[in-house]
Amino acid sequence: MKKTILAIGLFVCVGIGAKAQETTTPNPVNPNAPKFKFETEVLDYGTIEHNADGNREFKFTNVGKEPLIISNAVGSCGCTTPQWPKEPIKPGGTGVIKVHYATDRVGAFEKTVTLTSNADVPSKVIKIKGVVNPDPTPAVAPAATTPPAEKH
């Protein structure tokens, strides 16, 4: 009985190992697929003031041979809000991904926007980064000094 169970276990292991060695051919790449070409994939806000304008734009061209359709754009957190063109971008055409960062958050930031499309690479990540300065601290007026009260 033990030998039978051992033999069955051995056959199962060999079968799984053989299956793991099989290679699958990847889906063929469409040579005409749309393709993003961004002017830059990282927008640096630099150092900006607290509550400054948080709007920036990523400009891109469809360098593929078919229309580019962006189906979704998602920021890495609620402080990063993207807007994308809903209409197809023709081959050779240009488009803009608008990104708003909530600059009411002080400090350094690095955020991503993930685009989902029909491009040759269906998931594309673009990035924003920068530093938001805190509000300047108001100058503290020296404490008013009152002359000592006179004794009568």
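**Close-up views of a predicted model**

**View 1. Thr-103 counts as buried, because its relative accessible area is 6%, which falls under the 20% limit for a buried residue.** The model shown here and in the other views is a predicted one. Thr-103 has its place in the loop between β6 and β7, so the view is centred on a loop residue rather than on a strand residue. When the neighbours within four places in sequence are left aside, Thr-103 is in contact with Ile-48, His-50, Asn-51, Ala-52, Asp-53, Gly-54 and Val-132.

**View 2. The protein chain as a whole has one helix and eight strands.** Read from the N terminus on, the elements follow the order α-β-β-β-β-β-β-β-β, so that the helix comes before the strands. Of the 152 residues in the protein chain, 26% are buried. The accessible surface of the protein chain comes to about 11000 Å², and carbon and sulfur atoms account for 59% of that surface. Among the contacts in the protein chain with a separation of 6 or more, 65% are between residues that stand 24 or more positions apart.

**View 3. Four strands form an open sheet in the order β1-β3-β6-β5, and their pairing is antiparallel.** The edges of the sheet are taken by β1 (36–38) and β5 (80–83), each of which pairs on one side only. On average, and with direction ignored, neighbouring strands of this sheet are turned by 30° against each other. In general, the strands of a sheet pair through backbone hydrogen bonds, and the pairing can be either parallel or antiparallel.

**View 4. Strand β3 (residues 55–62) and strand β6 (residues 94–101) run antiparallel and are joined by seven bridges.** Two of the residue pairs can be followed across these strands: Phe-58 has Ile-97 in β6 as its bridge partner, and the bridge partner of Arg-56 in β6 is Val-99. Both Ile-97 and Val-99 belong to the covered face of β6, which also includes Gly-95 and Tyr-101. The uncovered face of β6 is made up of Thr-94, Val-96, Lys-98 and His-100.

**View 5. Strands β5 and β6 pair in the antiparallel sense over four bridges.** Which residue of β6 is the bridge partner of Thr-81? The partner is His-100, a residue that lies on the uncovered face of β6. On its other side in the order of the sheet, β6 stands next to β3.

**View 6. A disulfide joins Cys-77 to Cys-79, with 2.3 Å from S to S.** The count for this model comes to one disulfide. The torsion about the S-S bond is about -40°, and the disulfide is therefore left-handed. Are the two cysteines buried or exposed? Cys-77 counts as partly exposed, because its relative accessibility is 24%, whereas Cys-79 is buried, because its relative accessible area is 3%.

**View 7. Among the aromatic pairs, which come to seven in this model, one is formed by Phe-36 and Phe-60.** This pair is edge-to-face, with 5.2 Å from centre to centre and 70° between the planes. Phe-36 in strand β1 and Phe-60 in strand β3 are 24 residues apart, so that the pair links distant parts of the chain. Phe-36 counts as buried because its relative accessibility is 11%, and Phe-60 counts as buried because its relative accessibility is 2%.

**View 8. Tyr-45 and Phe-109 form an edge-to-face aromatic pair, with 5.3 Å from centre to centre and 85° between the planes.** Here, too, the pair links distant parts of the chain: Tyr-45 is in strand β2 (residues 42–48) and Phe-109 is in strand β7 (residues 107–117), and the two are 64 residues apart. Tyr-45 is buried, and Phe-109 is buried as well.

**View 9. Phe-36, Phe-38, Phe-58 and Phe-60 form one aromatic cluster.** Within this cluster, Phe-36 and Phe-60 are the edge-to-face pair of view 7. Phe-58 is the residue whose bridge partner in β6 is Ile-97, which allows the cluster to be placed beside the strand pairing of view 4.

Technical notes. Residues numbered from 1 in each chain as written. Predicted model: local features only at pLDDT ≥ 70, side-chain atom pairs only at ≥ 80, totals over all residues. Heavy atoms only, no water. Pairing = 2+ DSSP bridges. Axes fitted to C-alpha atoms, helices over the stretch in contact; angles between N-to-C directions. Buried < 20%, exposed > 50% of the residue type's maximum accessible area, 1.4 Å probe, protein only. Contact = heavy atoms within 4.5 Å. Areas by Shrake-Rupley, 256 points an atom, 1.4 Å probe, with all protein chains shown as cover. Disulfide = S-S within 2.5 Å. Phe/Tyr/Trp six-rings, centres within 6.5 Å; stacked < 30°, edge-to-face > 60°.
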